[in-house]
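Ready to practise reading a protein model? Take a look at the sequence and the structure, and then work through the exercises at your own pace.

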Amino acid sequence: MNHMLFLLALLYFNSFKHYLGEDLLLKNKIIVIGSILILLSLVLLIYARNTSNKKETFDVQNAELVIPVDSTKNLKIPIREIPLLYDAWTDGMDLENETDIGLLEFQYNRMQPEIIYTNDTTYYILINYNSGVKLCDYLLLKYSNSLLESLYLANGTFSDAKVSTTNNMIAINFVQSEGADVNNNIAVYNNIVVVHTDSMSMRSPIKNPYTYAVETYDWDENMLHIQYIENGKTKTMYLIID
């Protein structure tokens, strides 16, 4: 449209150029009308460029988690189908406000769902949200034949997870770090949570979160063996989990 107006202005000048030396009034009219057409074409050109460069608004309602299963397969799960996650993610946000939508998109881009255990067609997916500089909230999502269950786990930074040899429990290890000491050693403390995979229930905390530093932990059937440091002393814990 803007190009057509520009060409029209040129044609307008060309078609009347033989009059320009004969009639001063006609000459002025032609100049004014031609200038208006050129100006209008420039305005439309700027508008078209701004419109084409305008970023699409992030669609909160239809946002999906895309979770890699392998090199050829992804799980796609709408966040609205995970109420625990959706409610926490959008809490206090105005879904009609451009700034709030931008913040939601920023947090969405920081979510990094990860499958930590697969049992046949059932996937156990760790999802981080409310991510800060170092720490996040985490939940565990159970995806089984499109049926979803979720469980809040902890705030911290995910380190690793180990499945029991009986295949019905997962120990999930979170860490938090504190400031460096006089030798520039950064203290790292742990919080191991244990989830029963069938019932999607969490065992009571092993110890007060982030008051101990784990050296090693492992399963022996339904017994969790943890070696840790507390108050400067190395200790060992054996937990039988039913």
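Here are three exercises on this predicted model, each followed by a worked solution.

**Exercise 1.** Describe the chain as a whole: how many helices and strands does the chain have, and what percentage of its residues is buried?

*Solution.* Start with the secondary structure: there are four helices and twelve strands. Next, turn to burial: of the 242 residues in the chain, 35% are buried. Finally, look at the surface: about 15000 Å² is exposed, and carbon and sulfur atoms supply 53% of that area.

**Exercise 2.** Find the largest nonpolar core and say which element gives the most to this core.

*Solution.* Begin with the members: this core has 22 residues, and those touching the most other members are Leu-65, Ile-79, Leu-85, Trp-89, Ile-125 and Ile-127. Then ask where the members come from. Elements giving two or more residues include strand E1 (64-70), helix H3 (83-90) and strand E4 (122-129). With four residues, E4 gives the most. Apart from this core lies another one of 18 residues, with Tyr-117 and Phe-174 among them.

**Exercise 3.** Is His-196 buried or exposed?

*Solution.* First, locate the residue: His-196 belongs to strand E8 (residues 186-196). Second, apply the cut-off: buried means under 20% relative accessible area. His-196 has a value of 16%, so it counts as buried. Third, list its contacts, leaving out residues up to four places away in sequence: His-196 touches Asn-168, Met-169, Ser-201, Ile-241 and Asp-242.

Key
Residues are numbered from 1 along each chain as its sequence is written. This is a predicted model: local features need pLDDT of at least 70, side-chain atom pairs count only at pLDDT 80 or more; totals for chains, interfaces and linings use all residues. Side-chain values use heavy atoms; hydrogens and water are left out. Buried means under 20% relative accessible area, exposed over 50%, partly exposed in between (1.4 Å probe, protein chains only). Accessible areas come from the Shrake-Rupley method with a 1.4 Å probe; for residues, only the protein chains shown count as cover. A nonpolar core is a set of buried Ala, Val, Leu, Ile, Met, Phe, Trp, Tyr and Cys residues joined through side-chain atoms within 4.5 Å. Contact means heavy atoms within 4.5 Å.
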